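Biologist: I am new to this one, and I would like to understand the words people use for it. Could you show it to me and take my questions one by one?

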Amino acid sequence: MKNIYFDNAATTSVEPLVVETMTEVLKDVFGNPSSIHLFGRQAKVVVENARKKIANLINVTPSEIFFTSGGTEAINTAINGCVKDLKIENVITAEIEHPAVLNSLKKFSTQIKLNFVKFDNKGNVDFHSLEELLKINKNALVVLMHANNEIGNLLSIKETGEICEKYNALFFSDTVQTTGKYKIDFSNLNLHFAVCSAHKFHGPKGAGFLYVKNGIKINPLIFGGNQEMNMRAGTENIAGIAGMAKALEIASDGNEKNMLHIKSLKEYLIQQLKINFKNIIFNGDCEERGLYNLVNFSFPKTEKTEVLIYNLDIAGIAVSGGSACASGANKPSRVLKALNCDIERTAIRVSFSKYNTKDEIDLFVEKLIKLINA
Ligand code: PLP
C-alpha cells in the first residue's frame, strides 16, 4: 500500500536536488565559517552564496537576511527586538495567528498592550477595524500573517502595508506558509519584518530566515559569537542554509507550473467533497480564495467522524485536524473557535504539494465515504 501524504502545511518532503546539495556540503565543506583559513572561507562562501541567492529571489539585499533555525526562532527574534530594542508598546495582531507569534507576544504582556483586529466569519481581516486600532495606538507594531496555516486565508500584505504606512506603524508578517509558494517581492511592500521556514517548501527542517528591512536595528535573541552580522550567535547550519537556498530556487523556478497543478487538485477535491457529502462545511475562506494548496472542512460529530483522522491514518492517508502543533494535542482548534465555527464538528485540513495527484484524491474520497458511511 502506498501511503498518501496530504499534510504539506505541517511539513514537506525534502526535494531530491536539495538532498544532493546538502550531501555535497556535508561531505565537502566541514569548515567553520568563522575560521579564517581555507576550510573556514569555503564554508563562509556557501553561507554567503545562499544569502545572495535568497535575497535575489525575494528581491531584497543580502544584508536584510538573517539565518535562523526556522520560523519560530525568526518570529521570536523579531518580536523580542521590537519590544526590547524598538520600545514598541502597542501591538495589533489577530487571535488566529500562529502560536509562535501569539506566545512570543504574550511573553511581553506586562510591557505591551495587545490589541486584536476583528475579522469576518471566514477569517478575513477587517481593514476598517485595523485602521480604527491604528488611530488610537500610535507607533504600533502590526503583526498579521500572510497565510493562515489552518484555514489558508490570505492577507493582502500590500494593502496592509499601505495602511501601516499611513499610520506610521511597523509591519511584521509571518510569511512561513507563503514563502516558496508565491513569488513575493519583499522590497516593494511596506513590510519591516518577515520570516521563512525551509521545511514548508521541500527544504530541510531546522533552517529558516528572518527578513529585517534595511535601516531597522534590533539585537539578537541568541547571544554568543558575532555570526550573522551580530544578529544570531552560533555556528551556522551550513548544509541546512545551502539546502534552503536550493529549495527556494527550485520552488521559484517551478512556481507557475506547480501552482496550476496544485490549484487544480484543490478544486477537484472541493468538487468531489461537495458531491459526496451533503453536510460538509468548508472552514475559512478556502473554498473561494486562500492558499492554493489548502482545504479545511468539517463533518458533523458522530462516532465515526470523531475517529476519522486516526482511521485515515490506519488506511495510509495522512491529514491533519488543524495545525501540526494542534493535532497532537487533540484539542478543538483555537483558530476555528475564534471564527465561531462549530467546534463540535470534526475538522480536517488537507494540504497538497506538487507531488500529489488526482488519483490520490479519488482514493481519499473513496476512503472517506467508507469510513463515514460504514
Ligand atoms: N508560522 C506558521 C504560519 C507556521 O505554519 C509555522 C509552522 O508550522 C511556523 C510559523 C513555525 O515554523 P517552524 O516550524 O520553522 O518553527
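Biologist: Why are α9 and α14 called roughly parallel to each other?

Modeller: This is a predicted model, and in it the axes of α9 (residues 255–276) and α14 (residues 358–373) cross at roughly 25 degrees. Angles under 35 degrees count as roughly parallel, so α9 and α14 earn that description. Their axes come within 10 Å, and α9 passes α14 in a right-handed crossing.

Biologist: Which residues of α9 meet which residues of α14?

Modeller: From α9 come Leu-265, Tyr-268, Leu-269, Gln-272, Leu-273 and Asn-276. They meet Lys-358, Ile-361, Asp-362, Phe-364, Val-365, Leu-368 and Ile-369 of α14. By class, that contact holds nine nonpolar, two polar and two charged residues.

Biologist: Let us go to another pair. What makes α2 and α8 roughly parallel to each other?

Modeller: Helix α2 (residues 38–57) packs on helix α8 (residues 238–253) at about 30 degrees, and their axes are 9 Å apart. With the limit set at under 35 degrees, α2 and α8 are therefore roughly parallel. Their crossing is left-handed. On the α2 side, the contact includes Ala-43, Val-46 and Lys-53, while Met-244, Leu-248 and Glu-249 are among the α8 residues. The contact of α2 with α8 has twelve nonpolar, one polar and two charged residues.

Biologist: And how do you know that α5 and α6 are roughly parallel to each other?

Modeller: The same kind of reasoning works here. Helix α5 (residues 127–136) and helix α6 (residues 157–166) pack at about 20 degrees, their axes 10 Å apart. Since angles under 35 degrees count as roughly parallel, α5 and α6 are therefore placed in that group. The crossing of α5 and α6 is right-handed. Phe-127, Leu-130, Glu-131 and Leu-134 of α5 meet Glu-159, Thr-160, Ile-163, Cys-164 and Lys-166 of α6. Five of these residues are nonpolar, one is polar and three are charged.

Biologist: Now for the ligand. What makes the approach of Thr-72 to an oxygen atom of the ligand a polar contact?

Modeller: An N or O atom in the side chain of Thr-72 is 2.6 Å from that ligand oxygen. The cut-off for a pair of N or O atoms is within 3.5 Å, and 2.6 Å meets it. Ser-197 also has a side-chain N or O atom 2.6 Å from an oxygen of the ligand. For Lys-200, a polar side-chain atom lies 2.6 Å from a ligand oxygen.

Biologist: How many residues surround the ligand?

Modeller: There are 13, and the closest are Gly-71, Thr-72, Asp-174, Ser-197 and Lys-200.

Notes:
Residues are numbered from 1 along each chain as its sequence is written. This is a predicted model: local features need pLDDT of at least 70, side-chain atom pairs count only at pLDDT 80 or more; totals for chains, interfaces and linings use all residues. Side-chain values use heavy atoms; hydrogens and water are left out. Axes are lines fitted to C-alpha atoms, for helices over the stretch in contact, and angles run from 0 to 180 degrees between N-to-C directions. Helices (H or I, at least four residues) and strands (E, at least two) are DSSP runs, numbered from the N terminus. Angles under 35 degrees count as roughly parallel, over 145 as roughly antiparallel, 65 to 115 as roughly perpendicular and the rest as oblique. A crossing is left-handed if the near helix is turned anticlockwise from the far one by less than a right angle, and right-handed if clockwise. Contact means heavy atoms within 4.5 Å. Ala, Val, Leu, Ile, Met, Phe, Trp, Tyr, Cys and Pro count as nonpolar, Asp, Glu, Lys and Arg as charged, and the others, Gly among them, as polar. A residue is near a molecule or strand if one of its heavy atoms lies within 4 Å of it. A polar contact is a pair of N or O atoms within 3.5 Å; within protein, one must be able to donate a hydrogen and the other to accept it, and residues adjacent in sequence count only if both atoms are side-chain atoms.
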